[in-house]
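Take a look at the fold shown here. Keep the sequence at hand while reading.

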Amino acid sequence: RPWPDLVIADADGDEITEVRVRDTNADPASGYFWTGWTGSVYDDNWHKLSLYDFQDLWFAGSYTGATDVYQVQLFDGEDWSATAELTVGPPTLSINDVTTANESGTASFTVTLSAASAQTVTVDYASSNSTATAGADYTATTGSLSFAPGETAKTFTVPVLADALDETDEAATLTLSNASNATISDASGSLTITDDDAAPSLSISDVTTANESGTASFTATLS
């Protein structure tokens, strides 16, 4: 697959004539470069490339899911530049937080893939109680998402249940797990259910006694 974008330039403006790259991961299974030639770069040796080849550089090989870090330097005909680092790894999955406007309807969550993949990416999701209770405040939700090659976002919804109780805002958690062909960078999304019930009011009755003896009974009412 192509490398991520990397912006590099010579500090004093001289023309760049050559690029060299090396892998900092001494793991022969971590991958190799392909740019008109194939060569293992799991050692600490620099591999020189023309600018033309560098533009067409691809990462390939028996990549097993670990993140790999490559170092890149430029040559302007006189000396080599400082080292820039390029991190190559599988895309990552994350889930957003959602705050509802009220206690009804649905809450829509988005699971995002950090970069498009050439492989199908799958991940499971499930809800769990925090201060909110499944069945009373929201409907328990589980499922799986599948990202086709090229897709970077998927959504799912959680039904929110209305009640007539004045209470504080309540929360539940949506958790990602069991990802394939990706890693999970943010596994937990928070669902905050905003209470929309009016606060109760207190009132007290008026009392007129029948005489000047005995007691007067007042009634306080919570609406």
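What follows goes from the whole chain to its sheets, then to its cores and a few single residues.

This is a predicted model, so confidence comes up before detail. The chain averages a pLDDT of 79. At least 70 is reached by 74% of the residues. Among the elements of the chain, β12 has the highest mean pLDDT, at 98. Strand β3, residues 38-40, has the lowest, at 43. Over residues 34-43, pLDDT stays under 50. The model still has 27 contacts beyond four places in sequence for residues 34-43. How should such a stretch be read? Where pLDDT is low, the predicted coordinates should not be read in detail.

Now the overall make-up. The chain has 223 residues, and buried ones make up 30% of them. Its secondary structure comes to 18 strands and 1 helix. Consider the contacts in the chain with a separation of 6 or more: 63% of them join residues 24 or more positions apart. About 12600 Å² of the chain is exposed. Carbon and sulfur atoms supply 50% of that area.

Start with the sheet of 4 strands. This open sheet runs in the order β4-β1-β6-β7, and its pairing is antiparallel. Its edge strands are β4 (47-49) and β7 (84-88), each of which pairs on one side only. On average, neighbouring strands of this sheet are turned by 30° against each other, direction ignored.

Walk across this sheet from the β4 edge. β4 and β1 run antiparallel and are joined by 3 bridges. Here H47 of β4 stands opposite V21. Next, β1 pairs with β6 in the antiparallel sense, over 6 bridges. The bridge partner of E18 in β6 is F75. The last step goes from β6 to β7, again antiparallel, with 5 bridges. There Q71 stands opposite E85 in β7.

Is strand β6 largely enclosed or open? It spans residues 68-75, and 7 of its 8 residues are buried, so the rest of the structure largely encloses it.

T17 lies in the segment before β1 (18-23). Its relative accessibility is 42%, so T17 counts as partly exposed, between the limits of 20% and 50%. T17 and F75 are 58 residues apart along the chain. Their C-alpha atoms are separated by 5.8 Å.

Turn to another sheet, this one of 5 strands. It is open too, with the order β9-β16-β14-β11-β12 and mixed pairing. The edge strands are β9 (98-99) and β12, and each pairs on one side only. Inside this sheet, β11 and β14 run antiparallel and are joined by 7 bridges. One of the residue pairs is N129 with A172, its bridge partner in β14.

Next come the nonpolar cores. In soluble globular proteins, nonpolar side chains tend to be buried together. The largest nonpolar core in this model has 23 residues. Which of them touch the most other members? They are L93, F109, V111, F147, F156 and L191. Several strands each supply at least two residues of this core: β8 (92-95), β10 (106-113), β11 (121-129), β12 (142-147), β13 (153-159), β14 (170-180) and β16 (188-193). The largest share, 4 residues, comes from β10. Apart from this core lies another, of 8 residues. Its members include V21, V72, L74 and L86.

Two residues of the largest core deserve a look. Take F147 first. Leave aside its neighbours within four places in sequence, and F147 is in contact with L93, V111, L113, Q119, T120, V121, V123, T152, A153 and K154.

L191 is the other one, and it lies in strand β16. Is L191 buried or exposed? Its relative accessibility is 0%, so L191 counts as buried. Not counting residues up to four places away in sequence, L191 touches V98, T100, A107, F109, V158, E170, A171, A172 and L174. A172 also appears in the sheet, as the bridge partner of N129. V158 is 33 residues from L191 in sequence, and the two C-alpha atoms are 8.9 Å apart in space.

Technical notes
Residues numbered from 1 in each chain as written. Predicted model: local features only at pLDDT ≥ 70, side-chain atom pairs only at ≥ 80, totals over all residues. Heavy atoms only, no water. Buried < 20%, exposed > 50% of the residue type's maximum accessible area, 1.4 Å probe, protein only. Pairing = 2+ DSSP bridges. Axes fitted to C-alpha atoms, helices over the stretch in contact; angles between N-to-C directions. Core = buried A, V, L, I, M, F, W, Y, C linked by side-chain atoms within 4.5 Å. Contact = heavy atoms within 4.5 Å. pLDDT = per-residue confidence, 0-100. Areas by Shrake-Rupley, 256 points an atom, 1.4 Å probe, with all protein chains shown as cover.
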